[in-house]
Amino acid sequence: MNTEQDLPHNNDSRNICVVGLGYIGLPTAALLARSGWNVNGVDINNHVIETINKGKIHIVEPELDIAVKSAVENKRLVASAAPSKSDAFFIAVPTPCKGADHTPDISYIQAAAQTIAPVLEAGNLVVLESTSPVGTTEKLSAWLAELRPDLSFPQDKGKDSDIRIAFCPERVLPGQVMSELVSNDRIIGGMTEKCAQQAREIYETFVRGACMVTGTRTAELCKLAENAYRDINIAYANELSLICDEADIDVRELIRLTNHHPRVDILQPGPGVGGHCIAVDPWFIVSQAPELSRLIRTAREVNDFKPNWVFNKVLTAYHDFEKKFARKPKLALMGLAFKPNIDDLRESPALQIAQKVYQELGSDIIIVEPHVKTAPENLKPLPLTQTGTAIHDADILVFLVAHTAFKQALSGYMRDKNQVILDFVGVSDELKKQAAHDTQSTRPEQKKA
């Protein structure tokens, strides 16, 4: 391929189009803009477009607001509903599961292909960042080839294709996205070595971690394997919590003691698994190899079962209180996000539990989520309550997310003796320590022998 068609090296003329301005697309767009690229961010949501073009953000992520404001003010980032001609196109759209059998839904990727196809030119690079089942990048290339028969693609022309196609998944932690997109290593899978190297050149303009190249299928499964690994380890902790509850054992004490073994590192249990990755990606493996992925499927089933188990524990506590005190208790659900200190509700087990409790008990319950401004749509009749108010007013406190704000509110808190605390995430450990200390200090002195 003629080198004139490769990406230009003059910063002022380098253009990238990022399709999908969500939790990954927008931070990536902002970092590319900060690295000297002219970025056209594309989204189907007019509110998102208007917000970004004002230099503001529509999601909560530390340091993202500063980066977007700077990029917009410096005219390096413009959001729009349609793509413009660019040197490279990054696709960062959702890839959810659908149906009871958790079938991967890659329709958003196909829609993105239809969006960018009209503006593709020879020499362009298309990078899929969306977590995808193995073989999806090849499907993307095939869709683009159907839409643009005047251009050649890697499946037909190999290294001499007009368009280069690659896959590069994110591997970041919500709440640390802006730092981890820069510091974490990246796996770049190319349909040819030339595709991978061209993508690598772009990532190395803002990534400080290692950028390792491989094929698209290996890169796709690498992302899925990472999240399935974590899902399996969380499932072990969650299953231990069920066993400990049955045996009247403190699971967190058990894990703390067990982890003193030099080769054991058990994770902490919770109310389930949420987010756009761990709760979804393992199903992509299961869907493609159902007979071979028995451990991965079982881990998913354990983690999917946990919210129902928590829900039943909450109902039992509610009815026990009702019987004991002959009145309905004030029940507070503490946290709706899928993990601590973020506003992300995607696939959240805490939100799933809250919805079930609301359906069962009605509007008498209290919901608390300090990281969102309004209750989600299916909890809309309920107002959001302040953390301190809920902790002091509730008869039953149900901790579903380990937000730092909850731990801070419990510091020095004098708990009413009749208040019930159901802690599924370990935020009330200090209260337990204080209670144990108080019990110890009130014991009569033992007589010396």
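Here are some short exercises on the predicted model above, each with a worked solution.

**Exercise 1. Get your bearings.** Find how many helices and strands the protein chain has, and what share of its residues is buried.

*Solution.* Start with the secondary structure: the protein chain has 16 helices and 14 strands. Next, take the extent: along the principal axes, the C-alpha atoms fill a box of roughly 90 × 50 × 45 Å. Then turn to burial: of the 449 residues in the protein chain, 51% are buried. Finally, look at the contacts between residues at least 6 apart in sequence: 70% of these join residues at least 24 apart.

**Exercise 2. Explore the nonpolar cores.** Which residues touch the most other members of the largest nonpolar core?

*Solution.* Begin with the core as a whole, which has 41 residues. Within it, Leu-32, Ile-52, Leu-77, Phe-90 and Tyr-203 touch the most other members. Helix α1 (residues 25-34) supplies the largest share of this core, with 6 residues. Apart from this core lies another one, of 29 residues, including Phe-311, Ala-317, Ile-353 and Leu-361.

Now pick out Leu-32 and set aside residues up to four places away in sequence. Leu-32 then touches Ile-16, Val-18, Trp-37 and Val-39, among others. Its partners also include Phe-90, Ile-202, Thr-205 and Phe-206.

**Exercise 3. Look for enclosed space.** Work out which residues line the largest cavity, and of what class they are.

*Solution.* First, the count: the structure holds 1 cavity of 30 Å³ or more. Second, the volume: about 40 Å³ of space lies in the largest cavity. Third, the lining: it is formed by Tyr-23, Ile-24, Val-172, Pro-174, Val-177, His-276 and Arg-346. Sorted by class, that lining has 5 nonpolar, 1 polar and 1 charged residues.

**Exercise 4. Two backbone angles.** Locate Glu-63 and Lys-75, and decide for each whether it is buried or exposed.

*Solution.* Keep one general point in mind: most residues other than glycine have a negative phi. Glu-63 is not a glycine, yet its phi is positive, about 75°. Glu-63 sits in the loop between α2 (46-53) and α3 (64-73). Its relative accessible area is 52%, and exposed means over 50%, so Glu-63 is exposed.

Treat Lys-75 likewise. Lys-75 is not a glycine either, and has a positive phi of about 60°. Lys-75 is found in the loop between α3 and β3 (77-80). With 69% relative accessibility, Lys-75 counts as exposed.

**Exercise 5. A serine in a helix.** Is Ser-241 buried or exposed, and what does it touch?

*Solution.* Place the residue first: Ser-241 belongs to helix α9 (residues 216-246). Buried means under 20% relative accessible area, and Ser-241 has 8%, so Ser-241 is buried. Not counting residues up to four places away in sequence, Ser-241 touches Val-251, Pro-269 and Lys-306.

**Exercise 6. An asparagine in a loop.** Which backbone atom does the side chain of Asn-341 reach?

*Solution.* Asn-341 lies in the loop between β11 (331-334) and α13 (349-361). Its relative accessible area is 36%, so Asn-341 is partly exposed. Leaving aside neighbours within four places in sequence, Asn-341 is in contact with His-371, His-403 and Thr-404. The side chain of Asn-341 reaches the backbone nitrogen of Thr-404 at 2.9 Å. As a last step, take Val-420, 79 residues apart from Asn-341 along the chain: the C-alpha atoms of the two are separated by 24 Å.

Methods:
Residues are numbered from 1 along each chain as its sequence is written. This is a predicted model: local features need pLDDT of at least 70, side-chain atom pairs count only at pLDDT 80 or more; totals for chains, interfaces and linings use all residues. Side-chain values use heavy atoms; hydrogens and water are left out. On a 1 Å grid over the protein atoms alone, a cavity is a set of points where a 1.4 Å probe fits but cannot get out, and a pocket is an open set with protein on both sides within 12 Å along at least five of seven lines; lining residues have an atom within 4 Å of a point. Grid points are joined across faces, edges and corners, and a volume is the space filled by probe spheres set on the points. Ala, Val, Leu, Ile, Met, Phe, Trp, Tyr, Cys and Pro count as nonpolar, Asp, Glu, Lys and Arg as charged, and the others, Gly among them, as polar. Helices (H or I, at least four residues) and strands (E, at least two) are DSSP runs, numbered from the N terminus. Buried means under 20% relative accessible area, exposed over 50%, partly exposed in between (1.4 Å probe, protein chains only). Contact means heavy atoms within 4.5 Å. A nonpolar core is a set of buried Ala, Val, Leu, Ile, Met, Phe, Trp, Tyr and Cys residues joined through side-chain atoms within 4.5 Å. A polar contact is a pair of N or O atoms within 3.5 Å; within protein, one must be able to donate a hydrogen and the other to accept it, and residues adjacent in sequence count only if both atoms are side-chain atoms.
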